[in-house]
Amino acid sequence: MAEQPEIFKGLAGVPVDYTAISKVNPESNSLLYRGYPVQELAASATFEEVAYLLWYGELPDDVQLAAFEERERSFRGLDHEVKRIVDELPLTAHPMDVVRTAVSVIGASDPATPDDSVEANLDKSIRLLAKLPSIISYDQRRRHELEFIEPRDDLGFSANFLWQTFGEAPELAVVNAFDVSMILYAEHSFNASTFTARVITSTLADLYSAVTGAIGALKGALHGGANEAVMHTFAEIGSADAAEGWLDAALAEKRKIMGFGHRVYKNGDSRVPTMRDALERMVEHYERPDLLELYLALETAMAERKGIKPNLDYPAGPVYHLMGFDTPTFTPLFVASRITGWTAHIMEQAASNALIRPLSVYRGVDERHVPVKG
Ligand SMILES: CC(=O)SCCNC(=O)CCNC(=O)[C@H](O)C(C)(C)COP(=O)(O)OP(=O)(O)OC[C@H]1O[C@@H](n2cnc3c(N)ncnc32)[C@H](O)[C@@H]1OP(=O)(O)O
Ligand SMILES: O=C([O-])CC(=O)C(=O)O
C-alpha cells in the first residue's frame, strides 16, 4: 500500500506563508505589531495610531495622524439603505449576523468594490473601520427600542463608539480601557478569521467578500465568540465560591471552558496581563469586586485542574459587560477592532498572491460504478 502523507489536523503547527504585519512568539510570550510590542502600543498609542501602523507599516507623525483621523471621522455615518436592511433583520438574529449583513450591503453598494488597487482597498478599509461602530451601536440600540445616535466628529474612535452606544459622554478611564481592548484585539497573525480572509482574497475576490467571510469565522465560540461565552459561564457560575464546583462538573462533562487555552500560546496569552489590568481598573470604576473575585476563582481553579491559562477573551468579556454592552455584542466589538488586522492581511495577500488550495487525502469508498439500468 502506498505510504499515506502526514495530515496536520487544523493545520496545527504548519507555517503557510510569510507576514510582515505581526509576530506572535509563544516562547517569549510576546506579540509585535510591525515590530512594536503590543503592550507598548497599549500604553502609549491610540487605536487610530495602531490602525495606521497596521495598514501603512509605520506609526503616523502628527500631520499624518491628523489627516487620518479627519478621514476616519468623515466616514462614520450610515447610509439609509444599511439602516433599512438592518431594520428588516429579526431581533432573533445574532448581532454578528447583523454586522456580517451590513458589511455585505456596504460592499454590494460600493461602486469601488471590484477595484483591488492598494489605494481603493485602503479607502474601503478606513470606511469599514469608521462605520462599524455605527452599525454595532445601531443594532444594540434597536434591540432596546432606542433611536440611532449620530456619530460625533469631535471624539476619537473609542469615545465616539461609547457615545453612539450609550448616549452619554464617556469617562476617560472607560474610554482608555475600551481603547486598550481595541488595540489588543486588532491583529494576531494567521488566526482562523484572518486566514479565512486570506483564503478568500487568494481567489481574487474583493475586500468586502473577504471581510464578510472573516466575520463568519470569528463568530464561532472557539475563536471570537469566546468573549461572549465567558459571560454566559460567569452567569452560570454565579459567584466566586461556586467556581470550583462548577468547573469540576463542567470538566467531568468534557466541556471546553471558554476563554481558556490557545492554539499558539501554550503558556498564557501575551495580551492577557494588559487586558487584566484594564479589567481591574473597570472593576474599581464600576465598584464590582465580586466580578473580579469570580474571574480569579475560575482562573485559579482552571490552572489547578488543567494547567490551562486564559486567553484575551477571558478578561475582555467582563470589561465589555461592565461598560454596559449586551453580551451578544461582544464579538462584534472584536470585529470593530480586527477589521484593521484583517484588511492589512487582505492587502498583504493581494500583493503577493498564490491561490490557497491545500490537498486532502481521500479515505472514502473505493472506486465503484453506477449500475447500468434496464
Ligand atoms: C481571541 C481568540 O480567538 S483566543 C481563543 C478563544 N477560544 C476559546 O477560548 C475556546 C476555548 N478554548 C479551546 O477550545 C482551545 O483551547 C482552542 C480551540 C482555543 C485551542 O485549541 P487547540 O490548539 O486545538 O488545542 P486542543 O483543543 O487540542 O487542546 C489541547 C488539550 O487541552 C484541552 N483544552 C484546551 N483548551 C481547553 C479549554 N478551554 N477547556 C478545557 N480543555 C481545554 C483539550 O481538551 C485538549 O485536551 P486532551 O489533550 O486531553 O484532548
Ligand atoms: O490567534 C488565534 O488563533 C486566535 C487569537 O488569539 C486571535 O485571533 O486574536
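The exercises below concern a predicted model and cover a ligand shell, a helix pair and one helix with its surroundings.

**Exercise 1.** State how many residues surround ligand 1 and which are the closest, then divide the shell by residue character.

*Solution.* Step 1: ligand 1 is surrounded by 18 residues. Step 2: the closest are A226, I257, F260, G261 and R263. Step 3: by character, the shell around ligand 1 holds seven nonpolar, seven polar and four charged residues.

**Exercise 2.** Describe how helix α4 and helix α5 pack.

*Solution.* Step 1: choose the descriptors. A pair of packed helices is described by the angle and the distance between their axes. Step 2: apply them. The axes of α4 (residues 80-88) and α5 (residues 95-109) come within 10 Å and cross at roughly 145°. Step 3: give the hand, which is right-handed for α4 passing α5. Step 4: list the contact. From α4 come E81, V82, I85 and V86, and they meet V98, T101, A102, V105, I106 and S109 of α5. Step 5: classify these residues; seven are nonpolar, two polar and one charged.

**Exercise 3.** Check the length of helix α13 (residues 272-285) against its expected span, then find which of its residues are buried and what covers them.

*Solution.* Step 1: at 1.5 Å a residue, the 14 residues of α13 should span 20 Å. Step 2: the end C-alpha atoms of α13 lie 19 Å apart, which agrees with that expectation. Step 3: the buried residues of α13 are V272, T274, M275, R276, A278, L279 and M282. Step 4: their cover includes α1 (38-44), α8 (172-185), α14 (289-306) and α15 (313-323). Step 5: after α13 comes E287, with a positive phi near 50°.

Key
Residues are numbered from 1 along each chain as its sequence is written. Chains are lettered from A and ligands numbered from 1 in the order in which they are written. This is a predicted model: local features need pLDDT of at least 70, side-chain atom pairs count only at pLDDT 80 or more; totals for chains, interfaces and linings use all residues. A residue is near a molecule or strand if its C-beta atom, placed from the backbone, lies within 6 Å of it. Ala, Val, Leu, Ile, Met, Phe, Trp, Tyr, Cys and Pro count as nonpolar, Asp, Glu, Lys and Arg as charged, and the others, Gly among them, as polar. Axes are lines fitted to C-alpha atoms, for helices over the stretch in contact, and angles run from 0 to 180 degrees between N-to-C directions. Helices (H or I, at least four residues) and strands (E, at least two) are DSSP runs, numbered from the N terminus. A crossing is left-handed if the near helix is turned anticlockwise from the far one by less than a right angle, and right-handed if clockwise. Two residues are in contact if their C-beta atoms, placed from the backbone, lie within 7 Å. The expected span of a helix is 1.5 Å times one less than its number of residues. A residue is buried if 20 or more other C-beta atoms lie within 10 Å of its own, exposed if 12 or fewer, and partly exposed in between; C-beta atoms are placed from the backbone.
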